[in-house]
Amino acid sequence: MNLFDRFILTIYSFALMLLSLIVIGMAANWIPYETAQYVLEGMYIQYGIPYIIVSLVFFLISLRFFFGSITMKKPRSDAGIRQRGEHGEVIISLDTIRAIAERAARKIRGVRGFKTTIRSTEQGNMILLRVSVDGEEPLPEMTEKLQEAVKMQVEHIAGIEIAEVAVVISEVAGADNPSVRPRRVE
C-alpha cells in the first residue's frame, strides 16, 4: 500500500469512527431526538449538495479499497524461486539469479553487453540473455559457451535447475557503433 492509500485510509477510518460514534449516541439516546431530527432536516432542506459530494467521495474511496483488496499485486519480495530444503523453505530472488547469470556471461569472450530476464514456467526455470557481441568471435561457439557457462554457474551457485538458457543476439558492436559499451575487465 503506497503513502497516498495510507493517508486516504486514515481519513476514511477516522470518518467512519466519527459516524459510528454518532450512530451509537443516537441509539443510546445520548444525542437528543430533536437534535438528530434538526440535523437530518437540514440535510434535506439546506445542505443537500455538499452531503451528496461528500457521500460520493466516500463511495469512490470505498470502491478503490474494495477493488484494491481483490486485485492485490504480488509483493516484490516474493518474486523469486522457492526451494524446499531439509530445514525449511528458501526463496532465491530473481535479482540474485540475474546477478549470478550476468557474472558468468561477463567471462565469455566476445560478449560486450547484455540484459537478463529470468522466468519460472511449468517447463522449468528459463534465463533469457539479450546480448550484444563484438563481432570477432564465431557466434555459434560463443553462444554455446555462454549458455553452458550461465547454466552451470546458476545451477552450481543457486542450486536450482535451469531448463533453458535462451540467447538473443541484439546487436554487433563495431567501430561505427559506439552505443555498446566496452567489456569490463575484472
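Which residue in S5 stands opposite Val133? Keep that question in mind, and we will find the answer on the way.

**Before you start**

You are looking at a predicted model, in which local features need pLDDT of at least 70, side-chain atom pairs count only at pLDDT 80 or more, and totals for chains, interfaces and linings use all residues. Residues are numbered from 1 along each chain as its sequence is written, and side-chain values use heavy atoms, with hydrogens and water left out.

**Stop 1: the whole protein**

Switch to a cartoon view. The protein has five helices and five strands; helices (H or I, at least four residues) and strands (E, at least two) are DSSP runs, numbered from the N terminus. Starting at the N terminus, you should meet the elements in the order α-α-α-β-β-α-β-β-α-β. Of the 186 residues, 25% count as buried, where buried means under 20% relative accessible area, exposed over 50% and partly exposed in between (1.4 Å probe, protein chains only).

**Stop 2: the sheet**

Select 111-121 for S3 and 162-172 for S5, then add 124-133 for S4. These three strands make an open sheet in the order S3-S4-S5, with mixed pairing. S3 and S5 stand at the edges, each with a single partner strand, so one side of each has no neighbour in the sheet. On average, neighbouring strands here are turned by 15° against each other, direction ignored. Angles run from 0 to 180 degrees between N-to-C directions, with axes as lines fitted to C-alpha atoms, for helices over the stretch in contact.

Now look at the pairings; two strands pair if DSSP finds at least two bridges between them. S3 and S4 run antiparallel and are joined by 10 bridges. They form a hairpin with two residues between them. Click on Ser120, which stands opposite Asn125 in S4. On the S5 side, the bridge partner of Asn125 is Ile162.

S4 and S5 pair in the parallel sense over nine bridges. Here is the answer to our opening question: Val133 stands opposite Val172.

How many of the 10 residues of S4 are buried? Nine are, so S4 is largely enclosed by the rest of the structure.

**Stop 3: helices across the sheet**

Select 94-106, helix H4, which lies across S3 and S4 and runs at about 145° to S3. Next select 139-158, helix H5, which lies across S3, S4 and S5 and runs at about 140° to S5.

**Stop 4: the largest pocket**

Show Ala15, Leu19, Ile22, Met43 and Tyr51, which lie nearest the centre of the largest pocket among its 19 lining residues. On a 1 Å grid over the protein atoms alone, a pocket is an open set of points where a 1.4 Å probe fits, with protein on both sides within 12 Å along at least five of seven lines; lining residues have an atom within 4 Å of a point.

The volume of this pocket is about 570 Å³, meaning the space filled by probe spheres set on the points, which are joined across faces, edges and corners. H1 (3-27), H2 (33-45) and H3 (48-70) each supply at least two residues of the lining. The largest share, eight residues, comes from H1. The lining has 16 nonpolar residues, three polar and no charged; Ala, Val, Leu, Ile, Met, Phe, Trp, Tyr, Cys and Pro count as nonpolar, Asp, Glu, Lys and Arg as charged, and the others, Gly among them, as polar.

**Stop 5: Asn29**

Finish at Asn29, in the loop between H1 and H2. Most residues other than glycine have a negative phi. Asn29 is not a glycine, yet has a positive phi of about 60°. Its relative accessibility is 65%, so Asn29 counts as exposed.

Notes
Contact means heavy atoms within 4.5 Å.
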